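I'm opening a fresh page for a structure I haven't looked at before. Plan: get the overall picture, then pick a pair of helices and check some cysteines.

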Amino acid sequence: MTKMKAKRIIGLILAIMMLATIFVGCKGKDADTEIDQKPDVSDAKDKEDDNKEKEDDDDGEEGDTLFKETFKFSYMGSIWGVHPDGGTPIFDELMKRTNTEIDFRWYPTDQYQDKVTVTLASDDIPDMIANASIPTLIDEGAIIPLDDLLEEHGPNILANLQEDDYPYMRAAIDGNIYAVPFILDFPPAYAMQIRKDWLDNVGISEVPETWDEWKAAWKAFKEQDANGDGDPTNEIPYAGDIYGLLPAFGINVSNKIGFTTDADGNYTIMYELPEFRTFLEEMRELYKEGILDKEFATRGTYIDNPELEKVCDANLAGSVMTWAANTRRTTEVLQELDENAAMIGVKPVQGPDGKQGIPSRVRVTPTAAITVAGEDKAEDIIKFFNYVFSEEGIKLMSYGIEGEHHEMVDSEPMLKSPYVDSFENAREAGLNFTPFPHLFAEEAFLQIMMGGQKYDELPDAMKYFHDALYVGEDYFFTPTPTLNTEAYTEKQGEILPKIESLLAQCVTGEISIDDFYAEYEKLKPVGLQDILDQGAEAWSKISK
């Protein structure tokens with residue numbers, strides 16, 4: 001063999017070895033094949049270390065990315081408002097950190113449910129479907145339960161769920177979890193509110209707390225031209241629907257439907273509780289005295305909130321139970337004409353028996369389910385979202401990228417302008433991206449709500465809003481969900497409007513309390529009892 005030939009052969013061998021090293025280092029799998037790697041000759045300790053490193057990388061605990069090989073899955077969802085349907089630096093960073101590619105398929109909200117129906121009937125079902133009816137997807141056999149997957153691969157997701165979240169996470173049909181949630185970790189939402197300037201106008205120096213004190217204030221608003229417009233008959237001492245007063249009677253609901261739990265923790269509807277009769281007695285008296293809104297059945301927080309806002313803006317509402325943000329908006333509107341106008345948040349009304357409460361925000365929204373088409377990828381999908389719900393993932397989704405969306409101040413992330421200036425700006429950048437499962441941190445929400453200002457820098461109306469969010473904090477309760485059982489789905493459209501009509505007639509004095517209950521009982525054989533029974537059975541599954 002000549003010297004030149006020997007060099008060529010040696011060079012060829014070295015080239016082959018280099019190529020083999022490159023292919024091994026870039027080992028991956030496509031849709032159909034996986035390269036089988038022969039292990040290098042090494043001692044047992046090296047093998048153990050290599051295996052440990054691979055396990056850590058796969059779990060996202062060590063290494064530069066969550067997945068060694070690019071993980072791809074498809075995600076179908078609805079998009080609304082200013083939420084971007086294209087890529088953002090925040091999502092680009094999330095994809096980079098996890099070595100993930102997501103095929104997003106966004107559709108407008110008004111067309112979405114029809115699109116879901118068409119998609120389920122097609123041969124192109126995505127790996128995940130978001131913002132669709134979970135009961136419908138279960139009935140179609142389109143999605144898989146996630147309980148075991150979350151236990152094994154989603155510890156961060158589970159760690160961010162609280163006990164009161166599980167009834168909202170579990171499906172009424174079988175008690176299983178079917179969707180990864182969006183979590184808004186900001187409990188305050190509603191507040192009892194009163195016109196502070198009206199109290200001054202009628203000579204009441206202290207904000208009312210007890211039931212008798214509230215009735216005295218309402219009566220003064222009614223009789224003393226509290227709004228000062230010269231017409232002593234147009235004030236509405238308590239404006240809006242009457243459902244907001246139910247917690248003062250120990251009936252903790254946050255809608256007009258009224259499902260709750262009794263003293264023993266059993267699922268029921270508010271009309272079944274003994275406290276409801278007392279509530280009816282008091283509401284009838286308030287209506288008779290002209291304290292309640294004459295339109296309580298057609299406007300209010302749980303009926304038609306825009307109509308309630310109009311009453312507040314017209315300087316006619318003395319008190320309301322509604323969204324805490326109403327304190328700011330109403331004050332700003334009224335101060336254009338009267339600089340002393342002030343709608344402030346106060347502790348929730350204390351009822352005749354000393355009970356009081358205010359509903360907190362429901363933290364979780366079951367958002368995205370894994371379809372049967374994505375079942376083979378389910379473990380890795382949960383691993384991906386486990387990163388999203390990790391400390392690093394929460395920081396990224398809540399505050400964005402350091403230097404671009406936020407900066408660190410005293411070791412805490414502070415959102416930068418323009419993202420902190422408004423929720424619209426934040427959402428345009430991909431922050432608070434509610435169409436996609438993640439946890440949005442309380443402090444990030446508060447920073448945007450306050451426009452990046454410190455409390456002392458806020459105008460009075462904004463301070464009222466901030467204070468209203470927290471003034472009832474000691475009395476927060478988590479509302480009981482309405483369970484979409486078969487009976488509820490089929491019969492609520494006929495049953496519930498009849499009960500609402502009976503309630504309105506009873507409060508206005510058209511029928512007696514006994515007549516209300518007599519007519520209510522007649523609804524049980526025609527569907528109401530089925531709703532109650534199936535709801536109780538479902539509750540036993542989801543509240544475990």
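Before surface numbers, a reminder to myself: accessible areas come from the Shrake-Rupley method with a 1.4 Å probe. Also noted: this is a predicted model.

**Entry: the whole chain**

I looked up the surface and found that the chain exposes about 26,900 Å². Carbon and sulfur atoms supply 47% of that area. Next I checked burial: of the 544 residues in the chain, 47% are buried. I then went through the secondary structure and got 21 helices and 15 strands. For contacts with a separation of 6 or more, I found that 73% join residues 24 or more positions apart.

**Entry: a helix pair**

How do I describe two packed helices? By the angle between their axes and the distance between the axes.

I tried this on α19, residues 486-507, and α20, residues 513-522. Their axes come within 9 Å and cross at roughly 170°. Angles over 145 degrees count as roughly antiparallel, so α19 is roughly antiparallel to α20.

Which residues meet there? From α19 I listed I499, L502, L503 and C506, and from α20 I listed I513, F516, E519 and Y520. Sorting the residues of this contact gave me 7 nonpolar, no polar and 1 charged.

**Entry: cysteines**

C506 turned up in the α19 side of that contact, so I checked whether it is buried or exposed. It has 0% relative accessibility, and buried means under 20%, so C506 counts as buried. I looked at C312 too: at 1% relative accessibility, C312 is also buried. Last lookup: how many disulfides does the structure hold? I found 0.

Terms used. Residues numbered from 1 in each chain as written. Predicted model: local features only at pLDDT ≥ 70, side-chain atom pairs only at ≥ 80, totals over all residues. Heavy atoms only, no water. Axes fitted to C-alpha atoms, helices over the stretch in contact; angles between N-to-C directions. Helix = DSSP H or I, 4+ residues; strand = E, 2+ residues; numbered from the N terminus. Parallel < 35°, antiparallel > 145°, perpendicular 65-115°, else oblique. Contact = heavy atoms within 4.5 Å. Nonpolar A, V, L, I, M, F, W, Y, C, P; charged D, E, K, R; others polar. Buried < 20%, exposed > 50% of the residue type's maximum accessible area, 1.4 Å probe, protein only. Disulfide = S-S within 2.5 Å.
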